[in-house]
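Student: I would like a close look at one annotated position in this model and at what surrounds it. Please keep to what can be read from the model and its record.

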Amino acid sequence: MIDPFTGPPDLETGSRLTIDLGALQSNWKHLASCAGEAECAAVVKADAYGIGIRPAVRALWQAGARTFFVALPFEARAVREELPDAAIYVLGGLAPGSSPILAEIKAHPVLGSLPEIDEWELFAKENGIAGEAAIHVDTGMNRLGLSFAETQDVAKRYAGGNLAFRPSLIMSHLACGEDADHPLTEHQIESFGNVAADFPGVPASLANSAGTLQGGAFVFDLCRPGIALYGGHPLGGDNPLKPVVLFDARVIQVREVDEGETVGYGATETARRPSRVAVVSAGYADGFMRAAGSSDDRRGADAIVAGKRCPLIGRVSMDLIAVDVTDLAPDAVRRGDFVTLIGDGITIDEVGARANTIGYEILTGLGSRFARIYIG
Ligand SMILES: *Cc1c(COP(=O)(O)O)cnc(C)c1O
């Protein structure tokens, strides 16, 4: 069983991360319905985008997910320990000498270069194993993956029965899937379709979250959503996904600040009126990015205090965040109360935007000082 309470105990830390596994399951089901006839996998790299890979994959398996993508072999090992029957793909390529490790975990490498293919073929031959693996084709991202010419070569060998491992997936990755009209997106869909046709009988996969949510030509045989499982909405606009993460932190003290005084490091924000400030026990060491702080020149993130949105005031410090609660009734917030930094209508995408980044970085950056509570 997964302990529903992990991390330091509540009273030994200042912030809580409440993770709604029911929302995770319902997001997977929504994405599976977008995928229609195709299989809906789950991308759980980077500790399931920060929410905890073990509880996440157990919940996803229960919801119906059978195929999981991680970045690294040690992540595959964690998934395997939880799910003996899952198909697991390692996106980060085959590191030299790591074939026996993947075979032991029964994880499939995602092969994205000829040297990787050679090494895996040799290993499969020497050990007399089928060696199921994905072949990653580059269709314009220029990150990982075989070129078209290299892929055609491999396809010919496959057709001729001269490939010493079994391709179980042919895949590519979208560079700007959130923009269906981008010329690169159109090019990627079309050229991937051509490449996939060279591997008859091998399931094909292109869509990330953005592609899965758009459906249609993005879908192919298997979808690989990540961020949308965790409540992020790469397309913007109305979010059909449920928030999975609630980040709240304890008020340490509430103080009065005179008009004209400044708050926090660098004295970057001046109180324009007699103010009340709640100082909260969380900071950039917890992954609440310093770039989401506030100054006289730039509005920062918001917090929900006693049910109302209140702006941050001054910089985010390592362990502390100041919130301007002047607009609340004087006794609305007290020492020991919890203030919401993500959740209750504040999305990871919103916090990302306020910090000049994306929801992905906010989620995966959430630190280790939280009391973690799994619900649902
Ligand atoms: C991370 C990743 C995904 C998932 O992307 P999201 O935008 O989080 O849905 C899918 N495929 C590959 C190859 C990835 O690296």
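Where is the place of Arg 143?

Tutor: This is a predicted model, and the answer should be read in that light. Arg 143 sits in the loop that runs between β8 (133–136) and α7 (148–159). With a relative accessibility of 58%, Arg 143 counts as exposed, because the cut-off for that class is over 50%.

The residue just before it in the loop deserves a note. Asn 142 is found in the loop between β8 and α7, and has a positive phi of about 55 degrees although it is not a glycine. Asn 142 is exposed, with a relative accessible area of 67%.

Once neighbours within four places in sequence are set aside, Arg 143 is in contact with Asp 138 and His 173. The second of these leads to another loop: His 173 is placed between β9 (167–171) and α8 (183–197). With its neighbours within four places left out, His 173 is in contact with His 136, Thr 139, Met 141, Arg 143, Gln 188, Leu 206, Asn 208 and Arg 224. With Arg 224 there is also a polar contact of 3.2 Å, formed between the side chains of His 173 and Arg 224.

The record gives the reason for asking about this position. In an unreviewed UniProt entry, the annotation "binding site" covers Arg 143 and Met 318. These two are spread over 176 residues of sequence and are spread in space as well, up to 33.7 Å between C-alpha atoms. From this set, Arg 143 is taken into the lining of the largest pocket.

Met 318 has its own setting. Its place is the loop between β17 (308–311) and β18 (321–324). At 43% relative accessibility Met 318 counts as partly exposed. Leaving aside neighbours within four places in sequence, Met 318 is in contact with Gly 283, Tyr 284, Ala 285, Asp 286 and Arg 369.

The strand β17 also takes part in a hairpin. β16 and β17 pair in the antiparallel sense over 4 bridges, and Val 305 stands opposite Lys 308 in β17. Ala 306 lies in the loop between β16 (302–305) and β17. This hairpin has 2 residues between the strands, and Ala 306 takes a positive phi near 50 degrees there.

A second annotation in the record can be set beside the one above. The UniProt annotation "active site", again from an unreviewed entry, covers Lys 45 and Tyr 265. They are spread over 221 residues of sequence and also in space, up to 35.2 Å between C-alpha atoms. Of these residues, Lys 45 is included in the lining of the largest pocket. Arg 143 and Lys 45 are thus both listed for that lining.

Lys 45 is in helix α2 (residues 45–49) and counts as partly exposed, at 27% relative accessibility. Not counting residues up to four places away in sequence, Lys 45 touches Phe 69, Val 70, Ala 71, Glu 75 and Leu 91. Tyr 265, by comparison, lies in the loop between β13 (262–263) and β14 (269–270), and counts as exposed at 59% relative accessibility. With residues up to four places away not counted, Tyr 265 touches Arg 315 and Ser 317.

Lys 45 also appears in the surroundings of the ligand. The ligand is surrounded by 14 residues, and the closest are Lys 45, Tyr 49, Ser 209, Ile 227 and Tyr 360. Three of the distances to ligand oxygen atoms can be given. For Ser 209, a polar side-chain atom lies 2.5 Å from an oxygen atom of the ligand. For Tyr 360, an N or O atom in the side chain is 2.6 Å from an oxygen atom of the ligand. For Ile 227 the backbone is involved, with an N or O atom 2.8 Å from an oxygen atom of the ligand.

As for the chain that holds these parts, its secondary structure comes to 11 helices and 20 strands. Its C-alpha trace spans about 80 × 45 × 35 Å along the principal axes. Of the 376 residues in the chain, 52% are buried. Among contacts between residues at least 6 apart in sequence, 68% join residues at least 24 apart.

Definitions and conventions: Residues numbered from 1 in each chain as written. Predicted model: local features only at pLDDT ≥ 70, side-chain atom pairs only at ≥ 80, totals over all residues. Heavy atoms only, no water. UniProt positions renumbered as here; feature names shortened; annotations may be inferred. 1 Å grid on protein atoms, 1.4 Å probe; cavity = no way out; pocket = protein on both sides within 12 Å on 5 of 7 lines; lining within 4 Å. Buried < 20%, exposed > 50% of the residue type's maximum accessible area, 1.4 Å probe, protein only. Contact = heavy atoms within 4.5 Å. Pairing = 2+ DSSP bridges. Near = heavy atom within 4 Å. Polar contact = N/O pair within 3.5 Å; in protein donor to acceptor, adjacent residues only side chain to side chain.
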